[in-house]
Amino acid sequence: MGKEKLKSLEELSEIVARFKGEGLKVVFTNGCFDILHVGHVRLLAAAKTFGDILIVGLNSDSSVKRLKGEKRPIVSGPDRAEVLSAIESVDYVVLFEEDTPVRVIGALKPHVHVKGGDYDLEKIPEAEVVRSYGGELRAFSLVDGRSSTDIIEKIGGTLI
């Protein structure tokens, strides 16, 4: 289920060009989405409200490991992609190897880039590339006490 939503960057570039040609607004968000929780689902639903098509950039396993530590991710990239693809608000998923989605955003040039509220939009690495083509940055307020790290700590904390 939902595997047809997982696309390569090359495939998505063609799809996005077609959607833009049809006048549709493309929204992008990204993350590790290691242990999916209600905060993730709310972020994705909110991000979708900023446009017509929602693309989720998903950090690869090696990227998550560099960002979160040797014991992460808990859930493999293909499994995380499949779970994200099953969420109604998500139209497409693209895996990326880098620590940030700058290259993906530069290739797709979404109209809107959405980040969780724990980020300062002025300081994120993506800000420069989004602004370079006239894109918009939006923040979504986090759901208190809802994070993969909180869940890991609750079940014993040995994975972080």
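Here is a short, friendly walk through this predicted model, point by point.

1. **The overall make-up.** It helps to start with the parts list. The protein has 7 helices and 5 strands. Read from the N terminus, the elements follow the order α-β-α-β-α-α-β-α-β-α-β-α. Of the 160 residues in the protein, 44% are buried. If you count contacts with a separation of 6 or more, 76% of them are between residues 24 or more positions apart.

2. **The sheet.** The 5 strands form an open sheet with parallel pairing, in the order β3-β2-β1-β4-β5. At the edges you will find β3 (92-96) and β5 (136-140); each has a single partner strand, so one side of each has no neighbour in the sheet. From one strand to the next, the twist averages 25 degrees. As background, strands of a sheet pair through backbone hydrogen bonds, either parallel or antiparallel.

3. **How β2 is held on both sides.** Which strands does β2 pair with, and through how many bridges? On one side, β2 (residues 53-59) is joined to β3 by 5 bridges, and the two run parallel. Two of the residue pairs are easy to look up: G57 has V94 as its bridge partner in β3, and N59 has F96. On the other side, 6 bridges connect β1 (residues 26-31) with β2, again in parallel. Here G31 has L58 of β2 as its bridge partner. The route from β1 to β2 passes through helix α2 (residues 38-48), and together these three make a right-handed β-α-β unit.

4. **Is β2 buried or exposed?** All of it is buried: 7 of its 7 residues fall in that class, so the strand is largely enclosed by the rest of the structure. Both faces are covered, with I53, I55, G57 and N59 buried on one side and L54, V56 and L58 buried on the other.

5. **Helix α4 against the sheet.** Helix α4 (residues 77-85) lies across β2 and β3, and runs at about 160 degrees to β2. Its buried residues are G77, R80, A81, L84 and S85. These cover an arc of only 135 degrees around the axis, which puts them on the same side of α4. The spacing makes sense in light of a general point: an α-helix has 3.6 residues a turn, so residues three or four places apart point the same way. What do the buried residues of α4 pack against? Their partners are α2, β2, α3 (61-68) and β3.

6. **L6, from the start of the chain.** L6 sits in the segment before α1 (9-21). Although L6 and Y92 are 86 residues apart in sequence, their C-alpha atoms are 5.9 Å apart in space. Leaving out neighbours within four places in sequence, L6 is in contact with A81, S85, V93, V94 and L95. Two of these, A81 and S85, are among the buried residues of α4. L6 itself is partly exposed, with a relative accessible area of 35%.

7. **A buried salt bridge.** The structure contains 8 salt bridges. In one of them, the side chains of R72 and D34 meet at 2.6 Å, N to O. R72 is in the loop between α3 and α4 and D34 in the loop between β1 and α2, so the pair links parts of the chain 38 residues apart. Buried means under 20% relative accessible area, and both partners qualify: R72 has 3% and D34 has 2%.

8. **Two further salt bridges.** The side chains of D99 and R66 also meet in a salt bridge, at 2.8 Å, N to O. D99 lies in the loop between β3 and α5 (102-108) and R66 in helix α3, so the pair ties together parts that are 33 residues apart in sequence. D99 is partly exposed, at 33% relative accessibility. Another salt bridge joins R103 and E98, whose closest N and O atoms are 2.5 Å apart. R103 is partly exposed at 45%, and E98 is partly exposed at 28%. In general terms, side chains of opposite charge can pair when their charged atoms come close.

Methods. Residues are numbered from 1 along each chain as its sequence is written. This is a predicted model: local features need pLDDT of at least 70, side-chain atom pairs count only at pLDDT 80 or more; totals for chains, interfaces and linings use all residues. Side-chain values use heavy atoms; hydrogens and water are left out. Two strands pair if DSSP finds at least two bridges between them. Helices (H or I, at least four residues) and strands (E, at least two) are DSSP runs, numbered from the N terminus. Axes are lines fitted to C-alpha atoms, for helices over the stretch in contact, and angles run from 0 to 180 degrees between N-to-C directions. Contact means heavy atoms within 4.5 Å. Buried means under 20% relative accessible area, exposed over 50%, partly exposed in between (1.4 Å probe, protein chains only). A crossover is right-handed if, with the strands pointing away from the viewer, the path from the first strand over the helix to the second runs clockwise. The arc is that of the directions from the helix axis to the C-beta atoms. A salt bridge is a side-chain nitrogen of Lys or Arg within 4 Å of a carboxyl oxygen of Asp or Glu.
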